[in-house]
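Me: I would like a close look at one part of this model, taken slowly and with the reasoning spelled out. Please start from the question below and then carry on to whatever surrounds it.

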Amino acid sequence: MVDYEMHTLSNGIRVLHKQVSNTKIAHCGFMLDIGSRDETEDNQGIAHFWEHMAFKGTRKRKAFHILNRIDSVGGEINAYTTKEKIAFYASVLDNYFEKAVELLTDITFDSVFPEKQIEKERNVILEEMAMYYDSPEDAIQDDFDTLVFQGHPLGMNILGTAESVRSFHRDDFTRFIKANISTERLVFCSVANLPLKKVIRLAEKYLKDVPALTAGRERKPFSGYTPAVKKVKRNLTQAQFAIGRGDAYADNSVKRLPFFMLVNILGGPGMNSRLNLALREKHGFVYSIDASYQAYTDTGLFGIFFGTEPKQLNRSVRLVKKELQRLKEKPLGIKQLHTAKEQLMGQLAMAEENNISLMLMMGKSILDRNKIESLDEIFNKIKNTTAKELQDLANEMFDENQLSQLIFLPD
């Protein structure tokens, strides 16, 4: 159960904390409601580039001192960028918690973006882009975003383009941050065996000088999804296939959790997922096949992804569509529904056992929904989901006429 405490500082930054016992590791970080969807076509990739540059120098520290400060005490510091969020976070022994809070505050709010470091990191990101391009199972997921969110920032690659990445200079970062950062739209969250009083004291100490910031940014909502089919020839040995849609349920929809359950049945991480049983276990057509659902603030992305020998592609696609049709036509039996619920609840409980994932989930949940649901609340929703509800969702979301397809074929 997520028993968390929250305190709001005078500048609007919310401090989230969950005290846990039986651990000497403290996890903490900043979650910012800024992501690649807040970019324009000209500056795409700048949020991710900022994530890299935060570690490359502040007014107080050079890059080496930033990396060494946490590593030297056996801790870890990291960051990531998604379509809607940027996170900077660290894990340390709890007696170094203050050191982590101070450093994270420094890199989040006081980076200086040295031009020499920008040039170095530019090459690192271009190499990262090449690495993803050379991995067709990653590349097809990025390109599928572009296909289903055509003309919208959600369809832009988080890494940006080679042209945009080569264009950035210090002023571009400072402009982007000023246009997007609001202290009321970021949180500091922690999970540790520490009392809230200590966490608040340290947050006040290091964040009191951060001014209240209010950005005028308004996110462009996504609408007008249009199904599309695209085939691309690439230098591959396998064919890669993606099918799905970009108008699935948004994060605040009451259908979000039941649909997540349905997608889990279809192609979740369990080896007993319907797609894995049909394509891998029964026919040996794929090494792996995944169905995923990502809820955003105003829409959602549903997708199925797999790679296979070109001669097996058509049969594999037919098997996928057959499984989608089965979920539309036939409701789950009592035993199937019970198993699906138990499996999902077990997966969610195990995810919450990971304190660093829990800490990051807390931050995202507060920013997106202004609350954190306990496992008991989530479990009750899962238990109350009916086979009829899941069948209705399947008929809404798995309509073949509304599904987009992207195919990579060997040239």
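How many disulfides does the structure hold?

Reply: This is a predicted model, and the structure in it holds zero disulfides. The reasoning can be followed through two cysteines, Cys28 and Cys189. For Cys28, the closest cysteine sulfur is the one in Cys189, and because the two sulfurs are 8.5 Å apart, they are too far from each other for a bond; a disulfide would need the pair within 2.5 Å. Taken from the other side, the sulfur of Cys189 has its closest cysteine sulfur in Cys28, again at 8.5 Å and again too far for a bond. Cys28 is buried, its relative accessible area being 0%, and Cys189 likewise counts as buried, at 0% relative accessibility.

From the cysteines one can move to the charged residues Asp38 and Arg217, which are in contact with each other. Asp38 has its place in the loop between strand S3 (25–32) and H1, and with a relative accessible area of 11% it is buried, because buried means under 20%. Leaving aside neighbours within four places in sequence, the contacts of Asp38 are with Asp33, Phe176, Asn180, Arg217 and Arg219. The C-alpha atoms of Asp38 and Glu84 are separated by 7.6 Å, although their positions lie 46 residues apart along the chain when counted as a separation in sequence. Arg217, for its part, lies in the loop between helix H8 (196–207) and strand S7 (229–234), and at 24% relative accessibility it counts as partly exposed. With neighbours within four places again left aside, Arg217 is in contact with Asp33, Ile34, Asp38, Ala179 and Asn180, so that Asp33 and Asn180 appear in the contacts of Asp38 and of Arg217 alike. The C-alpha atoms of Arg217 and Ile34, which are 183 residues apart along the chain, are separated by 10.0 Å.

The loop that holds Asp38 leads to H1, and the packing of this helix can be described in turn. Helix H1 (residues 46–53) packs with helix H4 (residues 115–133) at an angle of about 120°, their axes being 10 Å apart, which means that H1 is oblique to H4. The crossing of these two helices, H1 and H4, is right-handed. On the H1 side the contact is made by His48, Phe49, His52 and Met53, while H4 contributes Gln117, Ile118, Glu121, Arg122, Val124, Ile125 and Glu128. Sorted by class, the contact of H1 with H4 has five nonpolar, three polar and three charged residues.

A second pair of helices can be set beside this one. The axes of helix H9 (residues 256–267) and helix H15 (residues 387–397) come within 10 Å and cross at roughly 80°, and H9 and H15 are therefore roughly perpendicular to each other. Here the contact is made by Pro258, Phe259, Met261, Leu262 and Ile265 of H9 together with Leu390, Leu393, Ala394 and Met397 of H15. By class, the contact of H9 with H15 has nine nonpolar, no polar and no charged residues.

Finally, Glu323 is found in helix H11 (residues 313–329) and is buried, with a relative accessible area of 6%. Apart from neighbours within four places in sequence, Glu323 is in contact with Leu266, Arg274, Leu275 and Ala278.

Notes. Residues numbered from 1 in each chain as written. Predicted model: local features only at pLDDT ≥ 70, side-chain atom pairs only at ≥ 80, totals over all residues. Heavy atoms only, no water. Axes fitted to C-alpha atoms, helices over the stretch in contact; angles between N-to-C directions. Helix = DSSP H or I, 4+ residues; strand = E, 2+ residues; numbered from the N terminus. Parallel < 35°, antiparallel > 145°, perpendicular 65-115°, else oblique. Left-handed = near helix turned anticlockwise from the far one by under 90°. Contact = heavy atoms within 4.5 Å. Nonpolar A, V, L, I, M, F, W, Y, C, P; charged D, E, K, R; others polar. Buried < 20%, exposed > 50% of the residue type's maximum accessible area, 1.4 Å probe, protein only.
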